[in-house]
Amino acid sequence: MRLGRGFLDFWFARLEAEPAAAFRVTLGCVLMFDVGVTFLPHLDQWFGPQGLYEAGELDWWLAQPGRWSLLDAHSDLAALRWAAVGLMVAAYGLIFGLGTRLCALAAFVLLTSFHHRNPNILNAGDILLRSGLFYLALMPSWRAWSLDRLLGRRLGWHAAPLLKAWPVRLAQIQLCLLYLFTGIEKCRPGLEGDWLSGDAVGRSLRFVTIARVDWFSGLPLWLGAPVTWLTLAWELAFGLLVLWQRTRPAALAFGVLVHAGIFATMEVTHFSFTILAFYWLFVPASVLMDMRGQSSNGERRLLRVFYDTMCPVCNRARRTLQRLDWLGRLKFEDLHDRPLCEAALPGVTYADQLRAMYVLRPDGRHFAGFDALRALMPVLPLFWMLWPLWMLAWLPGFSHLGRALYRYIARNRFRYASCDSEVCSLHLKLLAGREMDDEVVRQVVALHERFSKSRPQAAASGS
Amino acid sequence: MRALHAITSAARVLWGLGVLAFCALHMAALVEFNARPIGGSALLARVTGDSAAEDAHKAAAAWCRALGCEQRWNMFSTVGAWSAVPCIVILRRDGSRTLLKSPQHGELPRLAPGRDFIGAELREEEREWGWPVNFLNGRMRKLENNVTEGATGYSWARYNYVRWHLRNYLHGREQEAEEFLRVDLFRLHVRHPDPDGPPILHSVEHVMQYDERHDPAWPRHLRLTRVP
């Protein structure tokens, strides 16, 4: 019974629409680039009746079961131009979410028509893009981040920003199957053993017709072996890694780094961006809402940061975060305000908060220490630019290192904090390397009372 | 009211079953299409028999083609140490040769005049191959990959490729066709670099002669082939 319930939930539960909207916008951008840069300048040569394939030359290929194209070889140049314009319009429609479902369907039909008109210029990214458009046509991705939704509200039609899971699941499964079969193909016996031998990454960087430049061709093959094996293992395990919530962020972060690396070093048209579009479907809607700063119902979303106002290191960190908070997504709270903290973070003790900074997300989840810093990265635009750091923070080795470093710094604040009062020095020494028992907490409370009396304004503002 | 509720519920259940059936078919088609080249078809044949397995593959392939999902995800499964690049050589009456290639390739060596189609110097001597910056040339590269490394079933792609290049070359200078003796397509084998060296143009292989008399799409008034 539970299995049946779980099965039905997997396919028919209502999911928040933000990930599908992000998927839609990204695919729209990729389509716009693909058509604008790689199709339009070469329309006649790639697809014209007097181009690479004369009228009727591919009829035998189009006659295969399942193949179809609105642009068969008899279409003239004017029809091709109109079709390309239609694709561009569909791309914009997807980006801005106007006529979303129709644009997704039109984009799928027109792009497939172009692809079936000349299959010899297609890369894996092209097939993935049209697969993505197919899944998008099945999803009501207009239910978030779209002009369709805005216009609907103006007309009095309020649709919940939710969608049934099944088209999202199909797209997610497509991605998992992609990685699984890629990994299996790479392990097949009888091949040159590039992947199992560890040479593949090194050899790829020497691929004259694909690698962008020759900067890395001088590196020995063994240097790329760890990355080769790690990539292979990750591809084979991707489906399981994203199934389990604990390993999902690391699996996705590793994938972002892999595909960014591929794009930086190899000419594979838009493959990297297209596959990363699918990643949005695995990102929790709450993270996307945090990035946007707004819930589905239009409410403002702020992350609350609980920090020690008596600690100069913490105050400096708070000032830095305030400077980085370009979009105004953070609200700072004093952890010594016990009624506030106990209401906001039930189950988190005073001692816990004295050990580390806490961040409370609008969805109710809270994080401490390094995890708290990591939770802030989606709302700080600097990390959108320094996204490799953001992704590295999720990888197992780096996150363990980050936590250890945070704990060390937190315990040894007194070594490099410049205290301007006896209260501050006493406070930091209390926190240094000791168990936070009731006696320590009592002393901290007493110190805070002295601190508040000596500097009531400073204590209130946390400076 | 009750009847309406019952009809709505029944419609919802039917819709749900339809969705599940669609999802199941789609995933089965994807798995069959991708698993076949790696032994999946043999496994299926053992369970259902050869004929049923073949029918299943045809159905899966048709489904994947119709929905735009027909792709084997075997990119970079073999990387190898070689690339093949196409090169069209036009031999003229005066013995000189014109090489037609896409701009993404480095400079090709100058060929000494002579009747020989590609020149002894290319066959006997390995030459350094210029590494172009590969940016926004993915489609051309894929086309040339299919022309040079595709199976024999891609011979039609080669004819089109040569014709397309010749048409572009002769645009505005059709009178040059009078000087042509023959046109050939060659495959240049480029060895990827070692850590301490550049990529090398290792060898040249004749793929086919382009005879416009066998190409119904070539303009009849433009003769290119004068020697077999």
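User: Two strands pair if DSSP finds at least two bridges between them. How many bridges join strand E1 to strand E4 in chain B?

Analyst: This is a predicted model: local features need pLDDT (the predictor's confidence in each residue, from 0 to 100) of at least 70, side-chain atom pairs count only at pLDDT 80 or more, and totals for chains, interfaces and linings use all residues. Residues are numbered from 1 along each chain as its sequence is written, while chains are lettered from A and ligands numbered from 1 in the order in which they are written. Helices (H or I, at least four residues) and strands (E, at least two) are DSSP runs, numbered from the N terminus. E1(B), residues 82–92, runs antiparallel to E4(B), residues 180–191, and the number of bridges between them is eleven.

User: Which residue of E4(B) is the bridge partner of B:Val89?

Analyst: B:Val89 bridges to a residue in E4(B). That partner is B:Asp184.

User: Which residue in the turn between E1(B) and E2(B) has a positive phi?

Analyst: E2(B), residues 97–100, runs antiparallel to E1(B), with four bridges. Here B:Leu91 stands opposite B:Arg97. The two strands form a hairpin with four residues between them. A positive phi of about 90° in the turn belongs to B:Gly95.

User: Which helix gives the most to the largest nonpolar core?

Analyst: A nonpolar core is a set of buried Ala, Val, Leu, Ile, Met, Phe, Trp, Tyr and Cys residues joined through C-beta atoms within 7 Å. The largest has 114 residues, and A:Phe23 and A:Leu87 are among those with the most contacts inside it. With ten residues from 166–187 of chain A, the top contributor is helix H9.

User: Is A:Thr269 buried or exposed?

Analyst: A:Thr269 has a positive phi of about 45° although it is not a glycine. It lies in the loop between helices H12 (248–265) and H13 (271–279) of chain A. A residue is buried if 20 or more other C-beta atoms, placed from the backbone, lie within 10 Å of its own, exposed if 12 or fewer, and partly exposed in between. A:Thr269 has 26 C-beta neighbours inside 10 Å, so it counts as buried.

User: How many other C-beta atoms lie within 10 Å of B:Leu136?

Analyst: B:Leu136 sits in the loop between strand E3 (127–128) and helix H5 (138–149) of chain B. Its phi is positive, about 60°, although it is not a glycine. B:Leu136 is partly exposed because the number of other C-beta atoms within 10 Å is 13.

User: Which element of chain B has the lowest mean pLDDT?

Analyst: Chain B as a whole has a mean pLDDT of 83. Among its elements, helix H1 (residues 2–35) has the highest mean, 91. The lowest mean, 59, belongs to residues 120–124, helix H4.
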